[in-house]
Amino acid sequence: FNNYPIKYEITSDQRVDATLPTTPLTYTVLDEIILPEPVANVKFLGWYLNSDCSGEKVTKIKKGTIGDISLYAKWELE
């Protein structure tokens, strides 16, 4: 019998050479996580749940969230 919350994986799809945050890479339903910004040679514009970076910018994973999440970084490319 497992009394611990299930851990879900956080992944990101990056097309820019960047140093991505390495923690956290997992979360539980009990966690609320403010998403850290990556460091890159281009300006970071935010995290999104859609691969085309449409919709609302995501700044945190709210407590109570379940399931695997793929985060997509939006960059200011010139």
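**Buried and exposed sites in a predicted all-strand model**

Biologist: Is cysteine 53 buried or exposed?
Modeller: In this predicted model, the relative accessible area of cysteine 53 is 14%. The cut-off for buried is under 20%. Cysteine 53 therefore counts as buried.

Biologist: Where does cysteine 53 lie?
Modeller: Its backbone stands out: phi is positive, about 60°, although cysteine 53 is not a glycine. As for its place, cysteine 53 falls in the loop between E6 and strand E7 (60–61).

Biologist: What pattern does the protein follow along the sequence?
Modeller: The secondary structure comes to zero helices and eight strands. Read in order, the pattern is β-β-β-β-β-β-β-β.

Biologist: Which element has the lowest mean pLDDT?
Modeller: The protein averages a pLDDT of 82, and 83% of the residues score at least 70. Among the elements, E7 has the highest mean, 93. The lowest mean is 62, and it belongs to strand E1 (residues 8–13).

Biologist: What share of the contacts with a separation of 6 or more joins residues 24 or more positions apart?
Modeller: Take one example of a long reach in sequence: valine 39 and aspartate 17 are 22 residues apart, with C-alpha atoms 9.1 Å apart in space. That pair falls under the limit of 24 positions. For residues at or beyond the limit, the share is 59%.

Biologist: Which strand gives the most to the largest nonpolar core?
Modeller: This core has eleven residues, among them Tyr27, Leu35, Phe44, Trp47, Val58 and Trp75. Strand E6 (43–48) and strand E8 (69–76) each supply at least two of them. The top contributor, with four residues, is E8.

Biologist: Which residues does valine 58 touch, not counting those up to four places away in sequence?
Modeller: Valine 58 belongs to the largest nonpolar core. Its partners include two other members of that core, Leu35 and Trp47. The full list is Leu35, Trp47, Tyr48 and Leu49.

Biologist: What kind of aromatic pair do phenylalanine 44 and tryptophan 75 form?
Modeller: The count of aromatic pairs comes to two. In this one, the rings sit 5.5 Å centre to centre, with 65° between the planes. Planes over 60 degrees apart get one label. The pair is edge-to-face.

Biologist: How many residues apart in sequence are the parts that this pair ties together?
Modeller: Phenylalanine 44 is buried at 14% relative accessible area, and tryptophan 75 is buried at 11%. Phenylalanine 44 lies in strand E6 and tryptophan 75 in strand E8, so the pair ties together parts whose separation in sequence is 31 residues.

Biologist: Which residues do ring pairs link into a cluster?
Modeller: Phenylalanine 44 and tryptophan 75 supply one pair. The cluster also takes in Trp47. Its members are Phe44, Trp47 and Trp75.

Biologist: Is threonine 28 buried or exposed?
Modeller: Threonine 28 sits in the loop between strand E3 (26–27) and strand E4 (33–34). Leaving aside neighbours within four places in sequence, it is in contact with Pro5, Ile6, Lys7 and Thr65. Its relative accessible area is 11%, so threonine 28 is buried.

Biologist: And valine 39, buried or exposed?
Modeller: Valine 39 lies in strand E5 (residues 39–40). Beyond neighbours within four places in sequence, it is in contact with Ala18 and Thr19. Relative accessibility is 59%, so valine 39 counts as exposed.

Biologist: What share of the surface do carbon and sulfur atoms supply?
Modeller: Buried residues make up 27% of the 78 residues. The protein exposes about 5,800 Å². The carbon and sulfur share of that area is 50%.

Key: Residues are numbered from 1 along each chain as its sequence is written. This is a predicted model: local features need pLDDT of at least 70, side-chain atom pairs count only at pLDDT 80 or more; totals for chains, interfaces and linings use all residues. Side-chain values use heavy atoms; hydrogens and water are left out. Helices (H or I, at least four residues) and strands (E, at least two) are DSSP runs, numbered from the N terminus. Buried means under 20% relative accessible area, exposed over 50%, partly exposed in between (1.4 Å probe, protein chains only). Contact means heavy atoms within 4.5 Å. A nonpolar core is a set of buried Ala, Val, Leu, Ile, Met, Phe, Trp, Tyr and Cys residues joined through side-chain atoms within 4.5 Å. Accessible areas come from the Shrake-Rupley method with a 1.4 Å probe; for residues, only the protein chains shown count as cover. pLDDT is the predictor's confidence in each residue, from 0 to 100. Rings of Phe, Tyr and Trp (its six-membered ring) pair if their centres lie within 6.5 Å; planes under 30 degrees apart count as stacked, over 60 as edge-to-face and the rest as tilted.
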